[in-house]
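Biologist: I should like to learn how to read a pocket and an interface. May we take them one after the other?

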Amino acid sequence: MEHLAELILIAVGAAVITNFVLTYFVGICPFIGVSRRVDMAFGMGCAVTFVISIAALLSWTVTWFILRQGAPLTTWIVRSVTGDASARPDLTILSYIVYIFVIASSVQLVEMYVRKFHPPLYKSFGVYLPLITTNCAILFACLKILSYVTDPKELWGLDKALVLAIFGGVGFTMAIVIMAGIREELDHCDVPKSLRGAAITLIVAGILAMAFMGFAGVDASLHDAMLPAKAPAATQPAESQKTAEARAPGPLALRQTDRQR
Amino acid sequence: MAEDGPTPLERFLRGILPENPVYRQLLGMCPTLAVTNGMREAMTMAGAVTFVLLCANILISLIRHLLKPHLRILVFTLTIAAFVTIADRFLAAFLPEMSQKLGPYVPLIIVNCIIICRCEVCASKQSLPAAVGDAVGQSIGFALALASIATVREVLGSGSWFGLELLPESIWPRWGIMLLPPGAFLTLGLLLGGANRLSSWRSAKRAPQTSQG
């Protein structure tokens with residue numbers, strides 16, 4: 001239950017509160033380039049979500065078993081080769097190169113799949129499908145997972161990594177579809193000539209980002225709402241002390257005022 | 001091949017304004033928006049991009065005869081990833097605070113479209129001097145674009161420039177929104193509009209002259 005609540009918190013956080021596009025500015029290129037029509041934007045969003053999940057799955061596996069300090073596979077190899085039982089090899093320095101390799105190959109995979117089974121979709125993507133390789137959102141998700149997996153306090157499992165990636169992709173889809181909807185309406189407006197195209201898109205994105213700032217703080221209240229059982233269980237002693245301290249001055253102060261009277 | 005292309009000097013000059021990577025080509029938007037809340041961050045980022053772009057352009061230009069067309073992009077990204085790792089470790093070792101502030105945006109240089117675009121358009125086809133000139137010109141253009149956005153955001157948002165206080169709080173109430181994501185989008189949108197206006201005005205001014213001449 002607690003685990004589920006944590007997953008929900010990660011999902012909501014990745015999708016709306018710290019939306020990849022509007023808070024971290026990753027994936028701006030397709031956000032501006034492919035947001036002309038809603039159907040294409042939705043297709044792009046789905047492709048990105050799909051690639052991001054595959055890339056997260058692969059990069060988590062690689063990080064967990066090979067790259068992180070004291071990872072099982074590398075540790076076993078180094079220990080059996082050198083005979084040093086206390087060796088803790090750390091390959092995280094290679095992570096960027098490995099991730100970009102993982103992303104490039106999963107994009108290749110998706111491209112082959114879409115070309116084979118959904119030719120119209122493939123045509124409408126055009127040049128943008130190979131460009132997903134250089135979509136910052138995907139590498140960004142991998143890097144975030146890396147930072148959580150290597151952090152000794154967090155040590156994220158595969159489930160959390162996947163939830164982060166999938167809902168990051170959902171947040172991206174949401175942002176790009178909203179943007180495409182606004183831009184379809186914007187076509188009927190009289191925009192000043194020099195602002196047409198990317199400039200007005202960025203300004204609209206700014207207003208959209210302001211709207212998404214309204215979600216800030218939702219995670220804290222969700223946390224309180226979903227983990228009521230956890231709060232007393234884990235922090236009961238500290239909290240009871242705190243409440244005792246908080247209450248103590250009350251009556252005391254009252255008594256003092258009584259005495260003064 | 002280099003003879004019919006523009007000379008290194010032309011490539012260098014072109015990168016700064018006429019083909020400015022941010023304002024004219026709309027490349028490299030993520031760092032442009034993400035690290036421009038202060039001049040220091042922006043200039044560190046520009047330095048890192050310059051290093052990576054220069055090294056990647058030199059290396060790609062040297063090995064351009066060995067490249068196979070279908071493996072081209074993969075070679076580019078792996079080369080860039082190697083140099084970005086160097087830049088990232090360097091920042092973490094010598095500027096740890098800055099490295100913490102820039103966070104994931106240093107590794108995200110790997111997927112910065114400017115570098116891949118320059119490798120593809122220039123370095124993989126041109127000789128070494130042209131590639132170097134192009135890299136330096138594009139880097140300066142990128143740094144200028146970052147500086148313009150960071151100046152607007154830092155002055156309006158925290159009343160300072162490079163951390164030096166310009167406007168005391170009593171005169172200039174801080175526009176906190178300029179330091180947050182919406183401020184980045186709005187600033188870049190408006191500056192982009194201004195740049196478009198400027199270039200259309202310039203070309204309109206030039207058009208009658210050329211037709212007369």
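Modeller: We begin with a pocket in this predicted model. Helix H6 (95-117) and helix H9 (136-150) of chain A, with helix H4 (72-94) and helix H5 (96-102) of chain B, each give at least two residues to the lining of the second largest pocket.

Biologist: How is such an empty space found, and what is the volume of the second largest pocket?

Modeller: In general, a probe the size of a water molecule is rolled over the atoms, and this shows where empty space is left. Here the second largest pocket has a volume of about 610 Å³. Its lining consists of 21 residues, and those nearest the centre are Tyr96(A), Ser147(A), Asp88(B), Gly103(B) and Pro104(B). H9(A) provides the largest share of this lining, with 6 residues. By class, the lining has 10 nonpolar, 8 polar and 3 charged residues.

Biologist: How is the size of an interface expressed, and what is the area buried between chain A and chain B?

Modeller: The size of an interface is often given as the accessible area lost when the parts come together. Between chain A and chain B about 3100 Å² is buried, and carbon and sulfur atoms give 86% of this area. Phe25(A), Tyr96(A) and Leu202(A) supply 23% of the area that chain A buries against chain B, more than any other three residues.

Biologist: How many salt bridges and polar contacts cross this interface?

Modeller: The rule finds 0 salt bridges between chain A and chain B, while 3 residue pairs are in polar contact, both residues being at pLDDT 80 or more. On the side of chain A that touches chain B, H11(A) gives the largest share, 9 residues. That side has 26 nonpolar, 6 polar and 1 charged residues.

Definitions and conventions:
Residues numbered from 1 in each chain as written. Chains lettered and ligands numbered in written order. Predicted model: local features only at pLDDT ≥ 70, side-chain atom pairs only at ≥ 80, totals over all residues. Heavy atoms only, no water. 1 Å grid on protein atoms, 1.4 Å probe; cavity = no way out; pocket = protein on both sides within 12 Å on 5 of 7 lines; lining within 4 Å. Points joined across faces, edges and corners; volume = space filled by probe spheres on them. Helix = DSSP H or I, 4+ residues; strand = E, 2+ residues; numbered from the N terminus. Nonpolar A, V, L, I, M, F, W, Y, C, P; charged D, E, K, R; others polar. Buried area = accessible area lost by both parts, 1.4 Å probe. Salt bridge = Lys/Arg side-chain N within 4 Å of Asp/Glu carboxyl O. Polar contact = N/O pair within 3.5 Å; in protein donor to acceptor, adjacent residues only side chain to side chain.
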